[in-house]
Every structure is written in C-alpha cells, then in structure tokens.
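New to this one? Have a look at the fold below, and then we'll walk through it piece by piece.

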Amino acid sequence: MGDISTHFDRREFACHCGCGFAAVDKRLNEILEDVRCYFTMPVVINSACRCPDYNQKIGGAKKSQHTKGMAADIKVMNISPDAVAEYLERVHSACSIGRYDTFTHVDIRNIPAHWDRRSN
C-alpha cells in the first residue's frame, strides 16, 4: 500500500533535486493507478514533480506540467512505451500523451496535446 493511493507513495513523485516538492494532482494519480491495474505490472515514475529551478536545469519546457504536479514520465515494467501510450489514448483521451523511446509522458493539462519524440 502506498501513502497516497493503493500503489504509489508521494516520494515517488518528488522533485529529483531534493527540494521536497511532491504535490501530485489527484486526477493524475488516479490515471496512474488505472494504468497499474490495467497492466497488472509496477509503474515506475521516472519524473513527476519538478520545481522551476530543477525543471530549468534539465531543460524542461518553460510551462511544463511537471512544475504543477500534473505530469509524469512513466515506464510500466515489461510493457512497451507504445502499448502504454495506446492504452492512455484509448481510455484517457482527455490526457496529454507524449511518446518517447523508453517512457511515456502523461499529463492532465486543460487542452490535451499529443506528440511523438521517438527516434524511429
């Protein structure tokens, strides 16, 4: 059991700089729980909350949803990022979804966006 939902702890969402920023939007957490339950595999959060300084340091977008606790870059164990993106597009079509070679970006901005940054 996680401390903010069945499968997730707040520390998994925390900014990597160590500043303590770990405010996760409830809707994002619900989507990640759904992904976890659908695939029945652990969801690894590569990056979620980012303070503005850390976001700038790693070259994140100026208006990144990560700085609002409304985005996560995830990997689902033993599941391809494409399969994760396809599921999100089918079931959570109001989300923004970014496709990358090794992870899937999901966020809950007001106007959904979709992009593909895979190398192939």
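## Helix α1

Let's begin with helix α1, which covers residues 26-39: its 14 residues reach 20 Å from the first C-alpha to the last, close to the 20 Å expected at 1.5 Å a residue. Keep in mind that what you see is a predicted model. At the start of α1, Asp25 lends a hand, with a side-chain oxygen that comes to within 2.8 Å of the backbone nitrogen of Arg27. Just after the helix sits Thr40, whose phi is positive, at about 50°.

Which residues of α1 are buried? They are Leu28, Asn29, Ile31, Leu32, Glu33, Val35 and Phe39. In general, an α-helix has 3.6 residues a turn, so residues three or four places apart point the same way. The buried residues of α1 pack against strands β1 (43-47), β2 (71-76) and β4, and against helix α3 (81-91).

## Strand β3 and its partners

Now for strand β3, residues 96-99. Ser96 and Gly98 point one way from this strand, Ile97 and Arg99 point the other way, and all are buried. That fits a general habit: in a regular strand the side chains alternate between the two faces of the sheet.

Strand β3 pairs with β4 (residues 104-107), and the two run antiparallel, joined by four bridges. A hairpin of four residues takes the chain from β3 to β4. If you want a spot to find in the viewer, try Ile97, which stands opposite Val106 in β4.

Strand β3 also pairs with β5 (residues 114-116), this time running parallel, with three bridges between them. Here the spot to find is Gly98, which stands opposite Trp115 in β5.

## The whole protein

Stepping back, how many helices and strands does the protein have? There are three helices and five strands, and along the sequence they follow the pattern α-β-α-β-α-β-β-β.

As for overall size, the C-alpha atoms fill a box of roughly 35 × 35 × 25 Å along the principal axes. A compact globule of 120 residues would have a radius of gyration near 14 Å, so the 13 Å of this protein agrees with that. Among contacts with a separation of 6 or more, 55% are between residues 24 or more positions apart.

Finally, the inside and the outside: 43% of the 120 residues are buried. The protein exposes about 6700 Å², and carbon and sulfur atoms supply 50% of that area.

Terms used. Residues numbered from 1 in each chain as written. Predicted model: local features only at pLDDT ≥ 70, side-chain atom pairs only at ≥ 80, totals over all residues. Heavy atoms only, no water. Buried < 20%, exposed > 50% of the residue type's maximum accessible area, 1.4 Å probe, protein only. Pairing = 2+ DSSP bridges. Expected span 1.5 Å × (residues − 1). Contact = heavy atoms within 4.5 Å. Polar contact = N/O pair within 3.5 Å; in protein donor to acceptor, adjacent residues only side chain to side chain. Rg over C-alpha atoms; globule rule 2.2 N^0.38 Å. Areas by Shrake-Rupley, 256 points an atom, 1.4 Å probe, with all protein chains shown as cover.
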